[in-house]
Structure formats: C-alpha cells, structure tokens
Amino acid sequence: KMDRLKRQLARRLDELMDIVDEINEYIRTIDDSEMRQILSLRYVNNLTWQQIAHHLGYQDESVPRKRCDRFLKNDR
C-alpha cells in the first residue's frame, strides 16, 4: 500500500511541476516586467499580497493586487 501511495504522490508531483512550467512559460510572455514579477511572486513563490507589495517597494498591498486583477481580467 505504501508503494502505491508513493507512486501516486510522485505522479501528482509531476503533474504539479508541469503546471508550474506552464505558469512560468506564460509569465515569460508578458512584456511588463513588474507584472511578470507580481505574477511570479504570487503564483510561483506563493507570497502574500503584503509581501509582494513590500518586495516591490509599495506600502499598500492593494497596489500589486489591483494591478494583477486588472491585468488578468484584460488578458482573457
């Protein structure tokens, strides 16, 4: 049973790594360097909006969050 669980876990990890690769490929296509940073910090590095704001030099977490929301809404 443990071997089966290990195989399932390894398979799921491979699937998730494929998704991360797809996200990184998408992010690389974005012209705006700050938007690339925001998306990477949020969706690859899993940082909070406050951490992202601090990393980019903003006091308010709403700045990167709103930029990201607008970008994703307009990119569809």
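How many salt bridges does a search of the whole structure find? The search finds four. The model on display is a predicted one, and this tour visits its salt bridges together with two helix packings.

**First stop: helix H1**

Select helix H1, residues 2–28, and display the side chains of Arg12 and Glu15. These two side chains meet in a salt bridge, with N to O at 3.1 Å. Because Arg12 and Glu15 are three residues apart in the helix, about one helical turn separates them. Arg12 has a relative accessible area of 44% and is partly exposed; Glu15, at 39%, is likewise classed as partly exposed.

**Second stop: H1 against H2**

Keep H1 selected and add helix H2, residues 33–43. The axes of H1 and H2 come within 9 Å and cross at roughly 165°, which means that H1 is roughly antiparallel to H2. The crossing is right-handed. To view the contact, display Ile23, Tyr26, Ile27 and Arg28 on the H1 side, and Arg36, Leu39, Ser40 and Tyr43 on the H2 side. Sorted by class, this contact comprises five nonpolar residues, one polar residue and two charged residues.

**Third stop: H2 against H4**

Now hide H1 and select helix H4, residues 62–74, alongside H2. Are these two helices roughly parallel or roughly perpendicular? Their axes come within 10 Å and cross at roughly 100°, so H2 is roughly perpendicular to H4. From H2, the contact is made by Glu34, Met35, Ile38, Leu39 and Tyr43; from H4, by Pro64, Arg67, Cys68, Phe71 and Leu72. By class, the contact of H2 with H4 holds eight nonpolar and two charged residues, and no polar ones.

**Fourth stop: the salt bridge between H2 and H4**

Within this contact, select Arg67 and Glu34. They form a salt bridge whose closest N and O atoms are 2.3 Å apart. Since Arg67 lies in H4 and Glu34 in H2, the pair ties together parts that are 33 residues apart in sequence. Add Asp32 to the selection: Asp32, Glu34 and Arg67 are linked in a network of salt bridges.

**Last stop: Glu61 and Arg65**

Finally, select Glu61 and Arg65, which form a salt bridge with their closest N and O atoms 3.2 Å apart. Are these residues buried or partly exposed? Glu61 counts as partly exposed, at 24% relative accessibility, and Arg65 counts as partly exposed at 26%.

Key. Residues are numbered from 1 along each chain as its sequence is written. This is a predicted model: local features need pLDDT of at least 70, side-chain atom pairs count only at pLDDT 80 or more; totals for chains, interfaces and linings use all residues. Side-chain values use heavy atoms; hydrogens and water are left out. Axes are lines fitted to C-alpha atoms, for helices over the stretch in contact, and angles run from 0 to 180 degrees between N-to-C directions. Helices (H or I, at least four residues) and strands (E, at least two) are DSSP runs, numbered from the N terminus. Angles under 35 degrees count as roughly parallel, over 145 as roughly antiparallel, 65 to 115 as roughly perpendicular and the rest as oblique. Contact means heavy atoms within 4.5 Å. Ala, Val, Leu, Ile, Met, Phe, Trp, Tyr, Cys and Pro count as nonpolar, Asp, Glu, Lys and Arg as charged, and the others, Gly among them, as polar. Buried means under 20% relative accessible area, exposed over 50%, partly exposed in between (1.4 Å probe, protein chains only). A crossing is left-handed if the near helix is turned anticlockwise from the far one by less than a right angle, and right-handed if clockwise.
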